[in-house]
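Here is a short, friendly tour of one protein chain, meant to be read with the viewer open. Take a look first, and then we can walk through it together.

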Amino acid sequence: MGALDSLSEYFSNHFDVSIRKRKKRKVMQTVNIKVKIDCDGCERKIKNAVSSMKGAKSVEVNRKMHKVTVSGYVDPKKVLKTVQSTGKKKAELWPYVPYTMVAYPYAAGAYDKRAPPGFVRKSEQAQAQPGGTDDKLMSLFSDENPNACTVM
């Protein structure tokens, strides 16, 4: 009976799946939005609009950093449109990365005076080139290289 049960289960599952519409599952993610928040009313309006979205699990609004963080099964573009629909037209996806993640934080495109403390703007110029001269120099004088300095 075990073989017949497994075959019947296979065919019933196979036909049920093919009949139903296949939906893409959204992944659990965290979306950060930069938006200027002036008062309690703005904060409440944004929080209510985003928390009513389908799939949003938690919403955090940080007025000091001008940042809205949404966690859940949501699409970043839809979150951005929802925030913009509250009257905040200059809202954008969070453009900053932590200071420690960038090789050249004071490059022309990365340094931003309006960035929150500990963050710089995400840019291509601030990223290290793979196989660049900095990597070669760092590996030349590393402790892992036994022939690094033969003068000593």
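In which strand is valine 120 found? Valine 120 is found in strand β6, which spans residues 119–121. Before going further, please keep in mind that this is a predicted model.

**Confidence**

The protein chain has a mean pLDDT of 78, with 68% of its residues at 70 or more. Among the elements, β3 has the highest mean pLDDT, at 94, while helix α4 (residues 133–140) has the lowest, at 58.

**Three residues to click on**

| Residue | Place | Relative accessibility |
|---|---|---|
| Glycine 72 | strand β3 | 0%, buried |
| Histidine 66 | loop between β2 and β3 | 28%, partly exposed |
| Valine 120 | strand β6 | 4%, buried |

Valine 120 counts as buried because its relative accessible area of 4% is under the 20% cut-off. Leaving aside residues up to four places away in sequence, valine 120 touches Pro95, Tyr96, Val97, Tyr99, Val102, Pro105 and Ala110. One of these, proline 105, lies 15 residues away in sequence and 6.5 Å away in space, C-alpha to C-alpha.

Glycine 72, in strand β3, touches Val27, Met28, Gln29, Gly55 and Lys57, with residues up to four places away in sequence again not counted. The C-alpha atoms of glycine 72 and glycine 55 are 5.6 Å apart, although 17 residues separate the two in sequence.

Histidine 66 is worth a look for its backbone: its phi is near 55°, a positive value in a residue other than glycine.

**The nonpolar core**

In soluble globular proteins, nonpolar side chains tend to be buried together. Here, the largest nonpolar core has 18 residues, and Ile33, Val68 and Val70 have the most contacts inside it. Two or more residues come from each of β1 (29–34), α2 (40–51), β2 (56–62), β3 (67–72) and α3 (76–85). Valine 68 touches several residues beyond four places away in sequence, among them Val31, Ile33, Ile46, Val59 and Val61.

**The largest pocket**

How much volume does the largest pocket have? Its volume is about 420 Å³. The pocket is lined by 17 residues, and the closest to its centre are Lys34, Val35, Lys36, His66 and Arg114. By kind, the lining divides into nine charged, seven nonpolar and one polar residue. Histidine 66 thus links two parts of this tour: the loop between β2 and β3 and the lining of the largest pocket.

Note on methods:
Residues numbered from 1 in each chain as written. Predicted model: local features only at pLDDT ≥ 70, side-chain atom pairs only at ≥ 80, totals over all residues. Heavy atoms only, no water. 1 Å grid on protein atoms, 1.4 Å probe; cavity = no way out; pocket = protein on both sides within 12 Å on 5 of 7 lines; lining within 4 Å. Points joined across faces, edges and corners; volume = space filled by probe spheres on them. Nonpolar A, V, L, I, M, F, W, Y, C, P; charged D, E, K, R; others polar. Core = buried A, V, L, I, M, F, W, Y, C linked by side-chain atoms within 4.5 Å. Buried < 20%, exposed > 50% of the residue type's maximum accessible area, 1.4 Å probe, protein only. Contact = heavy atoms within 4.5 Å. pLDDT = per-residue confidence, 0-100.
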